[in-house]
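Let's take a walk through a protein structure together, going from single residues to the way helices pack. Keep the picture open beside you as you read.

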Amino acid sequence: MSAPTERTPLISNKTYDAGCLACACLDKREAAAAPQKEKRIIVPSKMEPKTLLANERTFLHWLSVSVLLGMLALTVLRIPTSQGPLFSFLGYSLLLLCLGFMGYALAVFHNRALKIVSGERVRFDDNKGPVVLAIVMILAFVFTGVAQMGYTM
C-alpha cells in the first residue's frame, strides 16, 4: 500500500494532508465503517451413521418394489402360452423392467453413498425414479388385467 501523498483518499471520499500525522490514523468511526474481510471458518461435516443407514433403507425399499414387480412378471409367465403370446411378451418385459429397477436402485445407492462419504452438500432426493416406477407399476397392472379379461371372456 502506498504512503498517502498530498490529497490521497484513504477511506471514503475524505482526503488527508501528507504532513499531518494525525491524518494517517483513522478515527474509530471510519475504521468501524470500513468493510472488513470476512473470515470463513470451514468445519468438516461429521458423517453420521443414520445417514448411511437411511441410504441403505431406501435401497432396500426399492429392491422390495422390484421384487414385487418380478413376482408379477413370474406370475404372468405362468399363464399357459396356449392363451396367446401376449402373456409371454408381457411377462418377459416385466421381468426386464424388474431387473432394470434393481440396477437403478443399486446405482443410486452407490452414488448417494459416495456423496455421503465425501461430505458433499447436495440434495439426495430423487425426483424421477419414483414417478417412473409408479407409472410402470400402474401400466403393468392395467395391461395384465386387460389381457386376462380379454382372454377369459
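Start by finding Val 142, which sits in helix H5, the stretch covering residues 129-152. Is Val 142 buried, partly exposed or exposed? Its relative accessible area is 44%; that makes Val 142 partly exposed, because the partly exposed class covers values between 20% and 50%. Val 142 also belongs to a nonpolar patch on the surface, together with Val 131, Ile 135, Ile 138, Leu 139, Phe 143 and Val 146. The area of this patch is about 640 Å².

Now step back and look at the whole chain, keeping in mind that this is a predicted model. The protein chain has five helices and two strands. Reading from the N terminus, you meet the elements in the order β-β-α-α-α-α-α. Of the 153 residues in the chain, 22% are buried.

Next, turn to two of these helices, H3 (residues 49-77) and H4 (residues 85-118). How can we describe such a pair? Two packed helices are described by the angle between their axes and by the distance between those axes. Here the axes of H3 and H4 come within 8 Å and cross at roughly 175 degrees. H3 is therefore roughly antiparallel to H4, because an angle over 145 degrees counts as roughly antiparallel. What kinds of residues make up the contact of H3 with H4? There are 25 nonpolar residues, seven polar ones and two charged ones.

Some individual residues can help you find your way around here. Leu 95 is in helix H4, and with a relative accessible area of 27% it is partly exposed. Follow the chain from Leu 95 to Ser 66 and you cover 29 residues, yet their C-alpha atoms are separated by 9.4 Å.

Phe 89 is another residue of helix H4. Its relative accessibility is 60%, so Phe 89 counts as exposed. The C-alpha atom of Phe 89 is 8.6 Å from that of Leu 77, and the two residues are twelve apart along the chain.

Finally, look for Glu 48 in the loop between helix H2 (28-33) and H3. Glu 48 has a relative accessibility of 34%, so this residue counts as partly exposed. How far apart are Glu 48 and Val 117 in sequence and in space? They are 69 residues apart in sequence, while the distance from C-alpha to C-alpha is 9.8 Å.

Note on methods:
Residues are numbered from 1 along each chain as its sequence is written. This is a predicted model: local features need pLDDT of at least 70, side-chain atom pairs count only at pLDDT 80 or more; totals for chains, interfaces and linings use all residues. Side-chain values use heavy atoms; hydrogens and water are left out. Axes are lines fitted to C-alpha atoms, for helices over the stretch in contact, and angles run from 0 to 180 degrees between N-to-C directions. Helices (H or I, at least four residues) and strands (E, at least two) are DSSP runs, numbered from the N terminus. Angles under 35 degrees count as roughly parallel, over 145 as roughly antiparallel, 65 to 115 as roughly perpendicular and the rest as oblique. Ala, Val, Leu, Ile, Met, Phe, Trp, Tyr, Cys and Pro count as nonpolar, Asp, Glu, Lys and Arg as charged, and the others, Gly among them, as polar. Patches are made of residues with over 30% relative accessible area and no salt bridge: like charges are joined within 9 Å, nonpolar side chains (Val, Leu, Ile, Met, Phe, Trp, Tyr) within 5 Å. Accessible areas come from the Shrake-Rupley method with a 1.4 Å probe; for residues, only the protein chains shown count as cover. A salt bridge is a side-chain nitrogen of Lys or Arg within 4 Å of a carboxyl oxygen of Asp or Glu. Buried means under 20% relative accessible area, exposed over 50%, partly exposed in between (1.4 Å probe, protein chains only).
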